[in-house]
Amino acid sequence: MFTRIQILVLLCLFLNSFGNAQILPSAQYTTHDGLPQIQVMDLLQDKNGFLWAATKGGIARFDGSNWVDFKLESQAVTSQLAENSLGEIIAITEGDFGQIIKLNGSQIQYSDFNLHKASSYNLVIEKDTLFNVDFVNATLNAYDLRTLTQIGEQEINLSEDRLSHYSQKYGLILKRKNPETGKHELYDLKGNQYLEIFSPGSILYCRTINQKNIWSRRGDYLDVYGPDEFEKQYEILIKNDEAKEVRAFVDRDLYFNIKERNYRFRASTNSLEELNQMNPTRNIFLLDKEENLWNSSENGIQIFPKTNFTNFNSKALNDAWVFKAFEGRYIYGNFSAGLKAIKFDPLEIKPIQIERNNRIYNGTAERDGALYIAGSSHVTKLKNGFVKSIDIRKTNTQVLSAYFHPMNKQIYFGGLNGVVEIDPYDKVNFYPDKDGQFNRFIVSMHGLNETKLLCGTYEDLLIYDVESKKFKSLNHLFPKKALAGAISMVKDHKGNFWLGNKSGLWFYNVSDDFVKHIDEGHIVNPIYSIIEIKNEMLALGTSKELIILDLKAHYTSDKTVLKTFNHRNGYFGQEVAQNSLLLEGETLWVPTATKLVSVDVNSLDFTIDSSDVFPHSVNDSLLAWDDSIDEVFELPKGVNNVEIKFSTVGFNQPKSSLLQYRLSDVDEKWSDWTDEKEVSYNNLSSDIYLLRTRLKTSSFGQEDEYPEKEFRFKVNLPFYREPDFLNSLSFFLIVLGGILAYLFYTTWRESVDKEKLERQFKLLQVQTLQSQLNPHFLFNVLGTIQSLVLSGDTNNANKYLVAFSKMMRKYLDYNIDAYESMEDRGEKPQNIRLADELEVLEIYLSFEKLKLEEGLSYEINIEDGIDKRSVYIPPMLLQPIVENAIEHGIIPKEKPGQIIIQISSFEDRIKIEIQDDGIGISASVKLQKEQPRKYKSRGLQLIRDRIKILNSMGDRLEISIRDNPKGGTITTLILDSAKS
């Protein structure tokens with residue numbers, strides 16, 4: 001008898017009340033949802049909240065939305081799961097040579113040793129240590145689950161016994177059967193003694209979360225002992241393979257299984273509930289962080305959500321189009337089943353006879369104690385148990401929505417391109433849209449004021465004037481035409497409207513006449529029904545979930561606070577019936593296409609279910625789960641493009657969550673919310689970056705409540721790979737160029753200044769040399785003029801005095817021009833016309849002729865083609881040469897002498913020859929040695945110095961002096977002919 005009873009106890013934890021003693025709803029996950037194999041051997045929830053499943057075909061992880069299969073080297077049966085202190089997942093494979101597998105996020109590591117006869121009968125995991133009984137060698141082995149190394153071995157004499165569990169007080173407990181008594185006993189490994197705490201009978205042991213409780217059968221009772229002290233905690237009465245009663249000695253709830261029946265005992269209410277389990281052949285239960293109950297089986301994984309929702313039998317109450325409380329019962333109907341009257345406790349369903357060709361749709365309205373129900377060909381009227389059909393076929397439209405106007409007592413039904421009106425005498429009128437404002441079915445209606453209705457179609461929002469019978473479109477209030485429409489609507493306690501359409505939820509402020517989209521990031525499914533609850537909440541029915549919106553938060557702080565319910569947290573309805581949510585006292589009724597659901601509105605809250613986000617990989621390199629948040633992930637040297645992928649976890653999400661991120665020193669503000677779970681940045685410079693991410697699920701409150709994670713990574717580039725290297729290099733080159741240009745400029749400036757100083761010095765030299773007239777000549781000229789005056793030859797004296805003054809004026813002008821050109825332009829003295837130079841020279845020669853009388857004659861010959869007015873030469877260049885010829889050649893001759901000046905062209909230059917018939921160079925030198933004079937003539941040397949200086953400044957002057965074969969001296973000057 002006892003061997004036929006399968007008893008599996010799982011968990012002793014505190015839970016909140018689930019309400020009445022119904023069979024609890026459940027959801028199922030199989031290979032269709034991503035499990036590698038349908039036979040699930042173990043369940044585990046890690047510290048981050050991920051749920052793990054060990055199956056006969058591998059390991060999978062659940063993040064709240066999807067199962068991910070972790071591919072192993074072989075499809076070995078994984079029988080046990082654990083998590084070590086590093087956050088790594090440990091999996092044990094079964095078989096004669098089992099293995100330990102460790103998953104740390106970045107890699108899958110396999111132990112290099114085998115576990116003999118690995119199974120749940122000879123394995124116990126305690127924290128970071130795995131104990132294994134080697135039946136062959138009769139040893140108890142210990143392994144470190146962090147390093148996957150053997151850390152101990154102990155001989156035992158119980159090689160045929162099973163390893164039961166770990167007790168903090170007694171150490172490892174081994175179970176054996178006493179051959180003398182035939183009873184099972186436990187062995188205290190620490191105290192080396194048997195523990196006799198069991199009543200006579202067979203002993204069963206069942207694995208629970210992280211421990212194994214001890215069970216003992218005693219007649220019709222099952223005794224449950226604690227895992228550490230072995231004190232009795234529960235007694236379970238069993239009759240006909242069913243649990244009938246539980247007596248508790250501890251204040252903890254208990255989950256267990258008997259003969260394919262699953263039970264939960266609630267200690268707080270001393271009540272026993274049966275769980276709706278699909279195939280209870282496994283003994284693994286798990287209670288997650290949200291207190292949802294999970295159970296593994298031969299047919300996958302089953303979840304019993306912590307819920308306050310009542311999900312009624314789907315076979316009896318599914319596909320609801322109409323659900324209305326009326327006359328002590330509920331009116332229920334749909335397209336194919338017609339109308340039914342329903343009562344609960346016990347469930348009683350009776351059909352209501354209606355017109356055979358009528359189809360029931362959504363709208364209902366009450367007037368004078370009667371209920372009017374929209375239909376395809378008739379409006380059904382219920383009152384005092386009687387049924388009346390009001391024919392609307394003459395309107396040529398079906399009706400889908402209804403509204404009773406309390407001011408004029410009319411009932412309005414929404415039809416195709418118009419409104420059907422039924423007056424208090426049930427007379428039918430149809431008012432179509434004659435102005436072409438829309439051409440669709442009106443699927444939602446509500447009173448806007450005393451004379452106007454607000455009407456919605458799938459693509460329009462309209463105002464209907466009940467007096468003028470005209471429609472006005474409000475589509476212009478929406479951001480764009482494609483977003484317009486109102487499938488459902490409700491008027492809240494402040495007189496504003498909430499509109500549901502295919503693009504989500506909209507708020508219509510009547511007084512300010514504007515619409516606002518509410519949380520378009522999360523409410524993405526069409527909203528078919530809306531109802532206000534106690535002026536505090538809105539219930540929104542969509543195709544996939546029931547959403548509760550905090551109305552108080554909207555009006556007090558303009559914040560969107562939502563709580564979403566779906567099959568993961570106890571709401572199992574799908575496709576809420578259009579405009580059919582019903583609030584009856586404290587109960588919210590939710591008719592859907594799959595089943596009828598109800599909930600006590602006082603149990604609805606906005607507690608945010610746990611969710612989190614984790615960096616999963618960087619540039620497709622997986623991250624280890626034990627990476628500390630304070631550690632910095634270093635990218636390979638030279639890599640400055642980064643792509644970070646994230647994993648999210650949260651069991652109460654109806655859809656994928658949204659991610660927001662911000663990178664330090666790069667992003668000025670948070671990114672927009674996105675459902676993409678990866679972040680990319682390119683061309684980063686060397687630095688340590690902080691990436692902040694936060695998660696937004698479909699249940700969320702204030703902004704500061706979003707779960708946030710930080711991830712640091714380092715970019716290390718060679719200096720020439722830095723993104724701003726070219727800019728920095730350009731800046732550096734500009735600065736360097738500026739410095740070099742400055743240095744070049746200062747050097748050039750110094751050179752120019754130096755050259756200018758040298759040039760000025762040379763100019764001063766030239767000017768000085770140019771200004772040195774022979775003082776003896778001046779003395780002679782003045783003496784001659786004086787003698788003419790004394791002799792009474794006043795005419796000649798006056799003539800020569802004027803000529804002398806003219807010569808002196810010319811001389812002074814040349815020197816002034818030379819000084820000004822040097823000061824103003826830094827140039828050498830200006831050249832003068834050859835004509836001016838010859839004029840001064842002739843004045844000079846006239847004075848010499850006056851002094852020597854018949855002792856001197858001269859000629860000045862200019863070659864034809866030479867224009868003495870267009871040829872320029874340095875000033876005062878010829879006079880010193882002529883003076884030198886007279887003083888040192890002709891005067892010592894003591895006979896009349898002649899000076900001949902010949903000017904001719906020489907290639908592209910001018911040649912000037914000055915010939916005298918004096919004593920010649922040699923005789924002159926000899927004479928100067930024999931008869932030295934007080935005044936030493938330096939005219940020729942000054943000419944040579946001037947020529948040397950002028951040539952250094954860019955001129956091309958040549959001078960040569962030679963004896964004339966005919967007697968005397970020839971001085972030749974060659975110079976440029978066209979310089980001014």
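Two strands are taken to pair if DSSP finds at least two bridges between them. Helices (H or I, at least four residues) and strands (E, at least two) are DSSP runs, numbered from the N terminus. The model is predicted: local features need pLDDT of at least 70, side-chain atom pairs count only at pLDDT 80 or more, and totals for chains, interfaces and linings use all residues. Residues are numbered from 1 along each chain as its sequence is written, and side-chain values use heavy atoms, without hydrogens and water.

Leu538 has Leu549 of E55 as its bridge partner. Strands E54 (residues 537-542) and E55 (residues 546-550) run antiparallel and are joined by five bridges. Both belong to an open sheet of four strands, ordered E53-E54-E55-E56 with antiparallel pairing. E53 (527-533) and E56 (562-565) are the edge strands, each pairing on one side only.

Helix H5 covers residues 834-852. Its 19 residues should span 27 Å at 1.5 Å a residue (1.5 Å times one less than the number of residues). The end C-alpha atoms of H5 are 26 Å apart, which agrees. Glu853 follows H5 and has a positive phi, near 55°.

The largest nonpolar core (buried Ala, Val, Leu, Ile, Met, Phe, Trp, Tyr and Cys residues joined through side-chain atoms within 4.5 Å) has 42 residues. Buried means under 20% relative accessible area (1.4 Å probe, protein chains only). Val882, Ile899 and Ile912 touch the most other members. H5 gives the largest share of this core, nine residues. Val882 touches Leu841, Tyr844, Leu845, Ile899, Ile901 and Ile914, not counting residues up to four places away in sequence; contact means heavy atoms within 4.5 Å.

How values were computed:
Buried < 20%, exposed > 50% of the residue type's maximum accessible area, 1.4 Å probe, protein only.
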